[in-house]
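Dear colleague,

Please find below the structure I am handing over to you. My notes on what was found follow after it.

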Amino acid sequence: DMNEVSNFLKGSTTGCEDNKLNYPPYTPKILNELLYSMTLCMDAKQEWGDNYDVHSLYGYSMVLATEKALQHVFGPNRTMMLTRSSFPGVGKYSGHWLGDNTATWNDIKWAIHGMLEFGLFGIPYIGADICGFFGDSSEELCRRWMQVGAFYPFSRNHNAMNFKPQDPAAFGADSVLVKTSKHYLRIRYTLLPYLYTLFYKAHTTGETVVRPVLHEFYSDRATWDVDLQFLWGKHLLITPVLDPGVDTIRVYIPDAVWYDYETVRAFLSLLTVLEIPHHIYVFVGHVVVHFCSRSNPMGLVIALDDNNQAAGELFWDDGDSRDTVNNGNYIHYKFSVIYGVLTMQVTKAGYKDPNNLKFENITVLGVPHPPTSVSVTHVNTGSHLGATTVLPNTNIYHDGAKEVLFLHGLSLTLGETYLVRWDMEDEELQRFNCHPEENADEAKCKSRGCIWKPSSTERVPWCFYPKDYGYVVTAATETDSGIMVDITRNVKHRISARPDSPDINNLRVEIRYHTSDLLQFKIWDPTSDRFEVPVPLSTPDAPETDENKRLYKVLISNKPFGIQVIRRSTGTKIWDSSVPGFTFSDMFIQVSTRLPSKFIYGFGETEHPTFKHDLNYHTWGMFSKDQPPGYKMNCYGVHPFYMGLEDTADAHGVLLLNSNAMGEKWRTCEHFYTWMLFHAPHIFTSSVRFMCLIGRPVLPAYWSLGFQLCRYGYANDSEIKSLYKDMRAAGIPYDVQYADIDYMERQLDFVLDSEFAGLPAVVDSMRNEGMRFIFILDPAISGNETRYPAFERGQAADVFIKWPKHLKDDIVWGKVWPDLPNVDVDENLDWDTQVEIYRAYTAFPNFFRTQTATWWQKEIQDFYNNIMKFDGLWIDMNEPASFVHGTVGGKCLGDPLLENPPYMPPLESKHLGLNHKTLCMNSEQILNNGRKVRHYDVHNLYGWSHTKPSFDALLSVTGKRGVVVTRSTYPSSGKWAGHWLGDNFSRWDQLVKSIIGICRFREVEGYLPNARWYDYHTDVGVRGEMISLPTPLSHINLHVRGGYILPQQKPENTTCCLGKDVLFAYDLLRSVFFYLFIFKRWNKSCLVIVG
């Protein structure tokens, strides 16, 4: 104290000399307008210089000396120092009180201004003398001061001698002052962990403890003048009474949802000035830690925001020792709540509290409905599986009027990580469909052991599984590299609802930790040899055995069995199959998972109206088929992969490696399941991670990036020649010309039609001018020819798909485009009649076999050498497509259940069976390792198996990269080929769906993310909002993101003639990033520039 330095004399006992230090040319408007008034002379000497220069540092120097003394006296223990005089930097060592104030209503107000100012000055341990130092305080003034003083960081009642006592007890045990003092001091003591954490943040990051409202609501100009309310940290608003004789005050409540801390009621504000009593408000979206003593149990107050989310943290050490932060001797928690899951994540566990403290109570504000269940998962126990317990109803109380959930009796050990989950969903939205087939009724439902309950909500199933339907864990073994689990069907419920596909009672589950961000789990019947998808994935030889490096935690729920994959950093459950309905039978598997958010992308190939899927009880079938795009119609390829964007902006991907017919709700006609699941920090990285797993896409030939032209229906080579000349004359950039099946004689692969006899010369001429040429090949090979080398050599090499020998030793014949020889097609007949009369029998190559790839390359080589040159291949009809159903005559041999399985996914024409417009499912294919498999198992892989042999043949035959375009695809097809979206229609809706977001009107709504954007040449000046963009018929909107450099070339009519140029797009910092890859082209040198 008194360290300004204070002096009851003017300067000294002898006064001060008359010199320029004591009497400078200019004296500020200070006390008595004299520099040495009530202090030392300015020419007095200090160690640091003349008092004139260092007078204001006296208190600072005393603090430094006192700090050294305290270290010497108290050693390793932290102490408390207060200084009256301060200077920037004092807050590193000392707190401050606002001096000898007076018991007046003016000073109770001024104290708030002073606290806020010293928060700015870097001295967060700040307070005023409660009830005033000088003067006699009235009961009302002292009562109001005790209320607000309970929320000073430094909270001290202090008064001078010879004035009336003002300690609370002096006003009488039954006085209102004593009662209100006890009440608010108990709140203070309850919130000390929160206050202590704020001081930790101030100590480590420089944040303020007490702060003005404008610090958190700076965009709201109305808060800039609010100085009689203040915040503890970001989320606790204190609104005191600072005037006599009032029971309401006029205050400003910023635009947010607030909760009254004392009544725990929601308080919705819309930038409102209100009259209210003294209150403390908790700002939504925060977790506040509370307790009453260092030895008492802890608790949490969770204030949910409009998105049902909240966050917070806790710092805890012994409260006394020095340097606990630097030495790591502390506990630090990060709390987060997302969609009903509280993650209590320990980020530092360097301290063990001797009182064995527990979190006993959790209060959740903003919960409108009682939870269906509450569970607690102890994440970092000795068992890697963790321990999940369901909280009994006696430990749960929900106040519907206040919308508050109270959880008690938790006993969660301080210093360990937990997940607390409360399931809040509407019961109807937790139903898992027990009767996905049509025409469900109560009798059928109950015969399956399921629950029948009608609903008025659209698409909600009326027949659904009971909560314990599924499997239970009978054994589990965990190693550093994964988990092996044995599960048994819950026999309480009847056997399969599909008698032709009996349930399998005992299953095995393997979970393998491939890498820090990739894991795999598969489920199978260990007593039988099951088919596995022969698509290689890029996984490491050795698993990731260090748990600390893994981004995920895997938990197993026992009854019903389920797998939970939890992102460690956020606690988000990115996979949670611990729900009823898991079914595993011979020809039907169903697995359901709760999704972490509504932002799900992927699944294919089906037409989706939007990129983000509406999963509100929608199901899409997946089974490759010759089917043009249409709503909920399964199309050419199969991609059982989805990418999820979590509410934390993290992302993950899930690949179901299954090649059978399936629906998007993970229902499939098969008996083996394997999933690949990976984590990523955002959606772009998630996509990149998926490419690493399945194989990165092929680098296309540069010329293939130019415009390409194709038509089904060219009459002859003259039409193509004329078209080419017209395009050239019009000056339209154009690099690639195609030939569809028109060029073939009777649609036979590798045979040139007489009407196109001049096509090779046309192609040579075009290629000499820098153009490229691509021709089409279908897999089906005609077998009705007298002399057809492609078929003859293929038959000799045994490349065609046949029946199993025990059924019939013959090719499985279909019909596609090839016509019979020596016939004239009457196109006035209906399609089916034309197929029956005029189409030839066709055989389908089995591209899994090496001998088939060799045969295929030979045919392509002969065509290139002897008939026509080309630069790329277009492979079509490889779902495989057939114009008859199953086989010629329509009678598929073998087990009819393969053609019409007990469960049919929601496929186009599913009532006609899986063999509709394709081969019989019992057709036999042979893998490269010699294993015989049913077409039922590999149908969706036909296009995939066709693609690599075509790519290899193209590279071998042409000696150049070229490009392959395929219609049917499966994950990893992109390693060898591109894809077009099939035979769409000339309709506006097809334009919309080809590029999600394009409108069909003359003006389009577009979203420009928060960055600088240029309308190719002009700064748009808009960011982070939806805007209307003009769309005249001659214009498409094209924007360039600021901060990047786009390599470009002077446009020409083909890529071979292009020059080089660069386009710079500046961001707000006038900076750019530049990546340019210059490749070898036309024998020029190779150069890579990165800037």
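Two strands are taken to pair if DSSP finds at least two bridges between them. The model is a predicted one.

Strand β41 (residues 634–645) and strand β42 meet this, pairing in the antiparallel sense over 5 bridges. One of the bridge partners in β42 is Val654, which is matched with Tyr642. The hairpin of β41 and β42 has 5 residues between the strands, and Ala649 there has a positive phi near 75°.

Strand β42 covers residues 651–656, and 6 of its 6 residues are buried, so the rest of the structure largely encloses it. In a regular strand the side chains alternate between the two faces of the sheet. In β42, Ala651, Gly653 and Leu655 point one way, while His652, Val654 and Leu656 point the other way.

Next, some backbone details. Most residues other than glycine have a negative phi, and most peptide bonds are trans. Glu403 has a positive phi near 60°; Glu403 sits in the loop between β24 (396–399) and β25 (404–407) and is partly exposed, at 35% relative accessibility. Met877 also has a positive phi, near 60°, and belongs to the loop between β51 (872–875) and α16 (896–899). Met877 has a relative accessible area of 4%, so it counts as buried, the cut-off being under 20%.

Two cis peptide bonds are worth listing:

- Glu4 to Val5, with omega about 5°; Val5 is in the segment before β1 (45–46).
- Lys559 to Pro560, with omega near 0°; Pro560 is in the loop between β34 (552–558) and β35 (561–567).

Regards

Technical notes. Residues numbered from 1 in each chain as written. Predicted model: local features only at pLDDT ≥ 70, side-chain atom pairs only at ≥ 80, totals over all residues. Heavy atoms only, no water. Buried < 20%, exposed > 50% of the residue type's maximum accessible area, 1.4 Å probe, protein only. Helix = DSSP H or I, 4+ residues; strand = E, 2+ residues; numbered from the N terminus.
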